[in-house]
Amino acid sequence: MFELLEDLRGMGETNVAWNRKPCIQRDSLLAASAIYTDMYGNEDRTIPATFEIIYLIGWKPHESQAKPAKKGSGKISMKTISNLENVKTGTVE
């Protein structure tokens with residue numbers, strides 16, 4: 001578990017809460033490690049771990065923001081998206 005925490009720290013993913021406590025007690029970490037290893041650990045005492053990266057973006061509307069094109073003004077149909085290479089070369093029927 002401690003190697004996992006070190007990897008998470010390296011990615012900057014340990015705790016982003018504004019009101020978090022500055023540190024966690026060593027006894028709590030040792031207890032959590034023992035429980036986690038017992039519940040999810042492999043026979044060789046390694047712990048499988050995965051993570052998922054989620055990207056988000058947000059903005060606030062502003063009068064200078066570009067306006068969307070009128071519906072139906074597109075030159076390429078979304079139906080051809082699976083045939084994108086032919087769309088680029090102009091060979092789509």
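This passage describes the confidence of a predicted model, its aromatic pair and its two largest pockets.

Residues are numbered from 1 along each chain as the sequence is written, and side-chain values rest on heavy atoms, with hydrogens and water left out. Because the model is predicted, local features need a pLDDT of at least 70 and side-chain atom pairs count only at 80 or more, while totals for chains, interfaces and linings use all residues. The mean pLDDT (the predictor's confidence in each residue, from 0 to 100) is 80 for the protein, and 88% of the residues reach 70 or more. Helices here are DSSP runs of H or I with at least four residues, strands are runs of E with at least two, and both are numbered from the N terminus. Confidence is highest in helix α2 (residues 26–40), at a mean of 89, and lowest in helix α3 (residues 84–89), at 63.

Helix α2 is a good place to begin. A search of the whole structure returns one aromatic pair, formed by Tyr36 and Tyr40, with 4.9 Å between centres and 50° between planes, hence tilted. For such pairs, ring centres of Phe, Tyr or Trp (its six-membered ring) lie within 6.5 Å; planes under 30 degrees apart count as stacked, over 60 as edge-to-face and the rest as tilted. Both tyrosines, Tyr36 and Tyr40, sit in α2, four residues apart, or about one turn of the helix. Tyr36 is partly exposed at 31% relative accessible area, and Tyr40 is partly exposed at 45%; buried means under 20%, exposed over 50% and partly exposed in between, with a 1.4 Å probe and protein chains only. Thr37, also in α2, is buried at 8%. Leaving aside residues up to four places away in sequence, Thr37 touches Arg45 and Ile47, where contact means heavy atoms within 4.5 Å.

Pockets come next. On a 1 Å grid over the protein atoms alone, a pocket is an open set of points for a 1.4 Å probe with protein on both sides within 12 Å along at least five of seven lines, and lining residues have an atom within 4 Å of a point. The largest pocket has a volume of about 300 Å³, a volume being the space filled by probe spheres set on the points. Its lining has 13 residues, with Arg9, Thr14, Asn15, Cys23 and Ile24 nearest the centre; α2 gives the largest share, three residues. The second largest pocket holds about 160 Å³, and Tyr36 is among its lining residues. Here α1 gives the largest share, four residues.
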